[in-house]
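Reader: I would like to learn how structural terms are justified. Could we work through one example together?

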Amino acid sequence: MNYNLCDIKTIESLLKKHGFTFSKALGQNFLIDEKVCPKMAELLCANSKTGVLEIGAGIGVLTKELCKRAGKVCAVELDRRLYPVLSETLGDYDNFELVEGDIMKLDLKALLEEKFSSCNSVKVCANLPYYITSPVIMLLLESRLPISEIEVMVQKEAADRLCAEIGTREAGAVSVAVNYFGKAEKLFEVGRESFMPSPKVDSAVIKITLYSEPRYSVDDEKRFFTFIRAAFAQRRKTLVNSLSSSLGIPKGKITEALKNEGLSASVRAENITMEEFVRLYGLLY
């Protein structure tokens, strides 16, 4: 059935029919803007051979636009109450498949291999609640999945942080992690009125283009990211104090490493570039 999923009365009727109510615990704010979803899909889907893994389908507004352009769309949805809704709103698309479960607990490599074998490339698309933005993005990056792009809708503040240039005040640990695996850019902003129910903040769509080959080399990525989180753990402190208190590294050793890089002992994490972080890690470990 061809529902107008951007019409509030249609959505309310559909949700009432299936006894659905919004869950604050899941951070549910469904994207209903008739201009935003086609734009996201158009920017993501290069051709009909593109495979898309969507995280959180909601009622299928964005999913529907992805299905019009992609070769195959698999949507991972945690909320079981939405399964009958999606069956109704996306029943006409034979290139759509619903994957039931929690994105944080699935074997994503096996899932991609099974579902997208006929696709030339696989990309990820999502409208992420604030509370799970960083965990999901880090999972996708650290898992080294065979994907080329990640396009996500996040809160504007999170978008600014994820796309921040390393070595600036806006950057944080997650900015460094994203920069390690790929290049992030903000595509466009989306007002709070584009959602149902309307959140208290505005959002933005960002794209992370993953490097086909590693750009930086560290001996232990898990330990490197522990080092990065420690560096930003106490932003008001100097890097020397933050690393020493969080990781137990002697202050003298950190100061010496900074000196080798031509950096002051009073420097903070927000003033360190990506290349300097990689070299400092190598000196300290």
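**Terms and their reasons**

Author: Start with a helix contact. From H2, Cys37, Pro38, Met40, Ala41, Glu42 and Leu44 meet Val61, Leu62, Glu65, Leu66 and Arg69 of H3. Contact means heavy atoms within 4.5 Å. This is a predicted model: local features need pLDDT of at least 70, side-chain atom pairs count only at pLDDT 80 or more, and totals for chains, interfaces and linings use all residues. Residues are numbered from 1 along each chain as its sequence is written, and side-chain values use heavy atoms, with hydrogens and water left out.

Reader: What classes of residue make up the contact of H2 with H3?

Author: Eight nonpolar, no polar and three charged residues. Ala, Val, Leu, Ile, Met, Phe, Trp, Tyr, Cys and Pro count as nonpolar; Asp, Glu, Lys and Arg as charged; the others, Gly among them, as polar.

Reader: Why is H2 called oblique to H3?

Author: Take the angle. H2 (residues 36-44) and H3 (residues 61-69) pack at about 40°, with their axes 9 Å apart. Angles under 35 degrees count as roughly parallel, over 145 as roughly antiparallel, 65 to 115 as roughly perpendicular and the rest as oblique. That angle therefore makes H2 oblique to H3.

Reader: What is the handedness of the crossing of H2 and H3?

Author: It is right-handed. That term means the near helix is turned clockwise from the far one by less than a right angle; anticlockwise would be left-handed.

Reader: What makes E4 and E7 edge strands?

Author: Each pairs on one side only. Two strands pair if DSSP finds at least two bridges between them. The open sheet has seven strands, in the order E4-E3-E2-E5-E6-E9-E7, with mixed pairing.

Reader: How many bridges join E7 to E9?

Author: Eight, and the two strands run antiparallel. Phe188 stands opposite Val205 in E9.

Reader: Which strands does H6 lie across?

Author: H6 (residues 133-142) lies across E2, E5, E6 and E9, and runs at about 170° to E6.

Reader: Why does Arg144 count as partly exposed?

Author: Its relative accessibility is 38%, so Arg144 counts as partly exposed. Buried means under 20% relative accessible area, exposed over 50%, partly exposed in between (1.4 Å probe, protein chains only).

Reader: What is the phi of Arg144?

Author: Positive, about 55°, although Arg144 is not a glycine. Most residues other than glycine have a negative phi. Arg144 lies in the loop between H6 and E6.

Reader: Which peptide bond is cis?

Author: The bond from Met196 to Pro197, with omega near -10°. Pro197 is in the loop between E8 and E9.

Methods. Axes fitted to C-alpha atoms, helices over the stretch in contact; angles between N-to-C directions. Helix = DSSP H or I, 4+ residues; strand = E, 2+ residues; numbered from the N terminus.
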